[in-house]
Amino acid sequence: MHFGMTGSPAYFKNEDQNPVYPRVIFHFENDFKLAFDCARMLGNLELVEDIETFIKEKDLGPDISSDTINFETFRNLMQNRRGMIKSSLMDQHLMAGIGNEQSDEILFQSGIHPKTKVQNLSESDLQTLFDNMNRVVEKRVECLDHNQKMPDDYLLNHRDEGEKCPICRGSIEKITVGGRSGYFCPDSQN
C-alpha cells in the first residue's frame, strides 16, 4: 500500500466505523475489516508475490522502520548527498517510508530548514534528524493505531500557510522543495 497524500489504513469491525473513502476493504475471519481509505485517490495498492522482488523492481532503499536502519546506516545514506534535506528524506530509492508530511514533521521537530543542503549538516544535525525520524514515525503509527490526532506541539496539526507555530507562535509558511509543497516555521527552523 502506498497511501499518497490523503490515504490511510482503517482497521475496524462495526459498520459505523466504516471509513469515508474506502477504495478496497479486506474482510477477516475475526469479523474485522481493513480498508484502504483514500479521499483523493493518490495512493495505490499492489498485490505482490514476493516482497524482495518488489523492492528490487521498484529500486527501494531500506525501510526506515526496519532493524537495518541505525544511525550509522542513516549517516552513510546521507553521505555525499548534494541536494536539500527534505528531498533526501523523501527519496524512496535512498530509504523507503518517509512521505511529504513526515518529512515536514521530522524537519520541524529537528529545527532544520527544509532547503538546508545535506552536505552542510553536522554530525549532531544528522543524529537529531535520525532520532526525530524514529520518534515521528513511531508517534504517527501510534496515533493511527489508536485513531488519535498527532500531539498539538507537532507541525502536522498546524500544517497550513499562516497557521501559528506550536513552538514559537510564529507564522507557518508554505515552501516548494524538489517540486513538492511543504510547510515550515522560518523562526523555529533555520
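User: What makes the contact between Arg81 and Asp91 a salt bridge?

Analyst: The model is predicted, and in it the side chains of Arg81 and Asp91 meet with an N to O distance of 3.2 Å. A salt bridge needs a side-chain nitrogen of Lys or Arg within 4 Å of a carboxyl oxygen of Asp or Glu. The value of 3.2 Å falls within that cut-off, so the pair of Arg81 and Asp91 is called a salt bridge. Arg81 lies in the loop between α2 and α3, and Asp91 in the loop between α3 and α4, so the bridge ties together parts that are 10 residues apart in sequence.

User: Why is Arg81 called partly exposed?

Analyst: Arg81 has a relative accessible area of 23%. Buried means under 20% and exposed means over 50%. Since 23% is in between, Arg81 counts as partly exposed.

User: How many salt bridges does the structure hold?

Analyst: The structure holds 7 salt bridges. One of them joins Glu123 and Arg75.

User: What makes the pair of Glu123 and Arg75 a salt bridge?

Analyst: Their closest N and O atoms are 2.8 Å apart. That value is within 4 Å, so the pair qualifies. This pair links distant parts of the chain: Glu123 belongs to helix α5 (residues 123–145) and Arg75 to helix α2 (residues 71–78), 48 residues apart.

User: How do you know whether Glu123 and Arg75 are buried, partly exposed or exposed?

Analyst: The relative accessibility is 45% for Glu123 and 26% for Arg75. Each value is between the 20% and 50% limits, so both residues count as partly exposed.

User: What makes Arg159 and Glu101 a salt bridge?

Analyst: The closest N and O atoms of Arg159 and Glu101 are 3.9 Å apart. The limit is 4 Å, so this pair is also accepted as a salt bridge. Arg159 is in the loop between α5 and β4, while Glu101 is in helix α4, and the two are 58 residues apart. Salt bridges that share partners join Lys86, Glu101, Asp104, Arg140 and Arg159 into one network. Glu101 has a relative accessible area of 24%, so it is partly exposed.

User: What makes a group of acidic residues a negative surface patch, and which residues form it?

Analyst: The negative patch is formed by Asp160, Glu161, Glu163, Glu173 and Asp187. Asp and Glu count as negative. Members of a patch need over 30% relative accessible area and no salt bridge, and like charges are joined within 9 Å. Asp187 can serve as an example: its relative accessible area is 53%, so it passes the 30% limit. Asp187 is in the segment after β5 (180–184).

User: Why is Asp187 called exposed?

Analyst: Exposed means over 50% relative accessible area. Asp187 has 53%, so it is called exposed. Asp31, in the loop between β2 and β3 (33–38), has 53% relative accessibility and therefore counts as exposed too.

User: What is unusual to note about the phi of Asp31?

Analyst: Asp31 has a positive phi of about 75° although it is not a glycine. Arg169, in the loop between α5 and β4, is not a glycine either and has a positive phi of about 70°.

User: What makes a set of residues a nonpolar core, and which residues have the most contacts inside the largest one?

Analyst: A nonpolar core consists of buried nonpolar residues joined through side-chain atoms within 4.5 Å, and buried means under 20% relative accessible area. The largest nonpolar core here has 26 residues. Those with the most contacts inside it are Phe74, Met78, Ile85, Leu89, Met95, Leu129 and Met133. The elements giving two or more residues to this core are α2, α3, α4 and α5. Helix α5 gives the most, with 7 residues.

User: Why is Thr176 called partly exposed rather than exposed?

Analyst: Thr176 lies in strand β4 and has a relative accessible area of 48%. Exposed requires over 50%, and 48% does not reach that, so Thr176 is partly exposed.

User: How far apart in space are Thr176 and Pro114?

Analyst: They are 9.1 Å apart, C-alpha to C-alpha, and 62 residues apart in sequence. For Asp125, in helix α5, and Arg23, the C-alpha atoms are separated by 40 Å, with their positions 102 residues apart along the chain.

Terms used: Residues are numbered from 1 along each chain as its sequence is written. This is a predicted model: local features need pLDDT of at least 70, side-chain atom pairs count only at pLDDT 80 or more; totals for chains, interfaces and linings use all residues. Side-chain values use heavy atoms; hydrogens and water are left out. Patches are made of residues with over 30% relative accessible area and no salt bridge: like charges are joined within 9 Å, nonpolar side chains (Val, Leu, Ile, Met, Phe, Trp, Tyr) within 5 Å. Accessible areas come from the Shrake-Rupley method with a 1.4 Å probe; for residues, only the protein chains shown count as cover. The place of a charge is taken as NZ of Lys, CZ of Arg, CG of Asp or CD of Glu. Helices (H or I, at least four residues) and strands (E, at least two) are DSSP runs, numbered from the N terminus. Buried means under 20% relative accessible area, exposed over 50%, partly exposed in between (1.4 Å probe, protein chains only).
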